[in-house]
Amino acid sequence: MPSSPTPLRSSSSISTSSSWPSASTQTSIHEQTPPIIRVAIVGGGLGGLTLAQILHCAPNVQVTVYERSIDEIERLSGYRVMLSSFVLKKLQATLHKDVWDRVAASIGVQPQCGQELTFFKSDGRKMLAFEADEIRDTYSVNRWLLRNALLYGSHDFAIFGKTFQAYENLPNGGMMVHFNDGSRVECDLLVGADGIGSRVRKQLVPDARITEPWLAIIYFKIPLTPVTENLLLTQSMTRAFCHRNQNIFIHSWTNPRKHWATLYDEYDIGMDESFIMFGYGSPCDEFSNKSKPPGELSSEELKVECLERVRADPKMHPSFIALAEQLIINTAHIHIVRDCKAIKRWNSGSVTLIGDSVFSISTVLGKGANCAMLDAIDLAEALQLPQIFNPSIRSHELQQAGARNVKRRLKERQRGALIQNIIYSGNNKMKELCRDLGLKLAFEWIDDPRATNFHSGKKRCPEKVERS
Ligand SMILES: Cc1cc2nc3c(=O)[nH]c(=O)nc-3n(C[C@H](O)[C@H](O)[C@H](O)COP(=O)(O)OP(=O)(O)OC[C@H]3O[C@@H](n4cnc5c(N)ncnc54)[C@H](O)[C@@H]3O)c2cc1C
């Protein structure tokens, strides 16, 4: 639980008058006014906003987020994200209560015995269920509500429509941050939280490269109604292997305050209406519509693509076809999977990275947002240490935070990449057989060593996350 949080501050525009004091000036400045660290965060995604929310309440930090999009809520926010109970408890302990209460409201109804991930053939035959603690103890969270929660009070600390261009080291140890519109701002620490295509990373670690896209996942929402709920093969995550190296991923988010969706039509659905997320993944070259690159297909074309695929698979279970017919057109989102070279370390005296800007993690095990938020919490803790004004301690602490960040991401990246490569490995009978055998072994390998009852069918009801 949060330890009596300080109230949200009322203003925090970056001032250029007080620079990060050097060790020699510490005492005199401290005697007059408490020293302040000016932190500029590039990117208002889940990582950047989490960091800003925590630092905004810290007495020794002045924080500003610079986000390139003009809209505070982007399309992807409409879907669900899986967050572990560990991350949610950390958020509960570190966020201001007003923010946490809103985060808690974004958590969907949890199945009785937690979440599980079940694999099927496209004809509905069950293959295997991954029921390890790490899946069971995750919660389906509405991205839009979560983002709204993290934006609470953000007019005090976030500026939208600002695109970072470059930074410059200043002789006083600070940083000058330059934006596309020609404006600039001085800060003591620049945090790159600008996602997989990070410009901050490009300048900090120029040889970190992004790979060519090879995989694309189409996402849609379906309203959760008594009819559509009946079409679900499980109450939790379902993944079905279809022909031509394609697979369907289904999972729902149920609003605890309103179980059934009522505000929707063929084109749109209310942002906090209960929904079923329908994902259709395939290698880019397996798209039926080859008239343009997958990323350029319109919402209507993406729906047609999904419908053609389910109807073209001769073995497709009728429930998957019926669900695809209910896809709400304007909720279409295509995620083009790109990979980024894993960077091991960076010189983090005045510039550091969090979240996907460090390097990406496959979405298949749903760990990217969990890692981004843990990176943010960890960095925020380091920045609130009383000794942080000492430059050598600051440099050491930031280096340590960076090393922990890389360690947790590397582990999740390897596990996610293994499962992703197995899932998308088969486009002939032999490869499909290897995939089916390999998948079970891979899940056993990545499973928590303590969870010895994998596949035993025994279920343990997990600890509940308190909403307030
Ligand atoms: C479909 C899908 C499903 C997923 N499901 C899960 C899940 O279930 N669980 C999970 O843990 N993870 C999941 N992930 C991964 C997760 O969403 C990401 O890892 C996470 O959002 C990364 O957060 P971030 O803050 O590092 O980056 P982002 O969320 O990418 O935010 C980066 C921000 O920086 C801004 N930006 C970029 N460049 C600039 C610039 N030059 N100047 C200013 N601003 C800039 C962008 O506009 C953006 O707002 C999923 C991802 C996808 C695509």
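This passage describes the fold, the parallel sheet, the nonpolar cores, the ligand shell and several local features of a predicted model.

The secondary structure of the protein comprises 13 helices and 17 strands, and buried residues account for 46% of its 468 residues. Of the contacts between residues at least 6 apart in sequence, 75% link residues that are at least 24 apart.

An open sheet is built from 5 strands in the order E7-E2-E1-E11-E17, with parallel pairing. Strand E7 (158–160) and strand E17 (351–353) occupy the edges and have a single partner strand each, so one side of each of these two strands lacks a neighbour in the sheet. From one strand to the next, the twist averages 20°. Within this arrangement, strand E1 (residues 37–42) runs parallel to E2 and is joined to it by 6 bridges, and Val 42 has Tyr 66 of E2 as its bridge partner. Helix H2 packs on the sheet, where it touches E1, E2, E7 and strand E11 (189–192), and the direction of H2 makes about 155° with that of E2. On the other pairing of E1, 4 bridges connect it in the parallel sense to E11, with Val 191 of E11 as the bridge partner of Ile 41. E11 in turn pairs with E17 in the parallel sense over 3 bridges, and Gly 192 stands opposite Leu 353 in E17. Both faces of E11 are covered, since Leu 189 and Val 191 on one side, and Leu 190 and Gly 192 on the other, are all buried.

Several residues of these strands recur in the nonpolar interior. In soluble globular proteins, nonpolar side chains tend to be buried together. The largest nonpolar core contains 72 residues, of which Val 39, Ile 41, Leu 51 and Leu 190 touch the most other members; helix H11 contributes the most to this core, with 10 residues. Another core, of 49 residues, lies apart from it and includes Leu 117, Ile 248, Phe 320 and Leu 327. When neighbours within four places in sequence are left aside, Ile 41 is in contact with Gly 48, Leu 51, Ala 52, Val 63, Val 65, Tyr 66, Val 191 and Ala 193.

The ligand is surrounded by 31 residues, and the closest of these are Gly 43, Gly 45, Gly 195, Gly 355 and Gly 368. By residue class, the shell around the ligand divides into 10 nonpolar, 15 polar and 6 charged residues. Helix H2 (46–56), strand E2 (61–67), strand E3 (80–84) and helix H11 (368–383) each provide at least two residues of this shell, and H11 gives the most, with 4 residues. H11 is thus the element that gives the most both to the shell around the ligand and to the largest nonpolar core.

Strand E3 also takes part in a pairing of the antiparallel sense, with E6 over 5 bridges, in which Val 81 has Val 141 of E6 as its bridge partner. Strand E6 (residues 138–142) is largely enclosed by the rest of the structure, because 5 of its 5 residues are buried. In a regular strand the side chains alternate between the two faces of the sheet. Accordingly, Thr 138, Ser 140 and Asn 142 point one way from E6, whereas Tyr 139 and Val 141 point the other way, and all of them are buried.

Two consecutive loop positions show backbone angles that merit separate description. Most residues other than glycine have a negative phi. Arg 244, although not a glycine, has a positive phi of about 55°, and its place is in the loop between strand E13 (237–242) and strand E14 (246–253). Asn 245, in the loop between E13 and E14, likewise has a positive phi, near 60°. The surroundings of the two residues are not alike: Arg 244 is partly exposed, with 14 other C-beta atoms within 10 Å, whereas Asn 245 counts as buried because it has 21 C-beta neighbours inside 10 Å.

A further loop, between strand E4 (117–121) and strand E5 (126–130), holds Asp 123. This residue is partly exposed, with 15 other C-beta atoms within 10 Å. Apart from residues up to four places away in sequence, Asp 123 touches Lys 315 and His 317, and its C-alpha atom is separated by 9.2 Å from that of Asp 313, which lies 190 residues away along the chain.

How values were computed
Residues numbered from 1 in each chain as written. Predicted model: local features only at pLDDT ≥ 70, side-chain atom pairs only at ≥ 80, totals over all residues. Near = placed C-beta within 6 Å. Nonpolar A, V, L, I, M, F, W, Y, C, P; charged D, E, K, R; others polar. Buried ≥ 20, exposed ≤ 12 C-beta atoms within 10 Å, placed from the backbone. Contact = placed C-beta atoms within 7 Å. Pairing = 2+ DSSP bridges. Core = buried A, V, L, I, M, F, W, Y, C linked by C-beta atoms within 7 Å. Axes fitted to C-alpha atoms, helices over the stretch in contact; angles between N-to-C directions.
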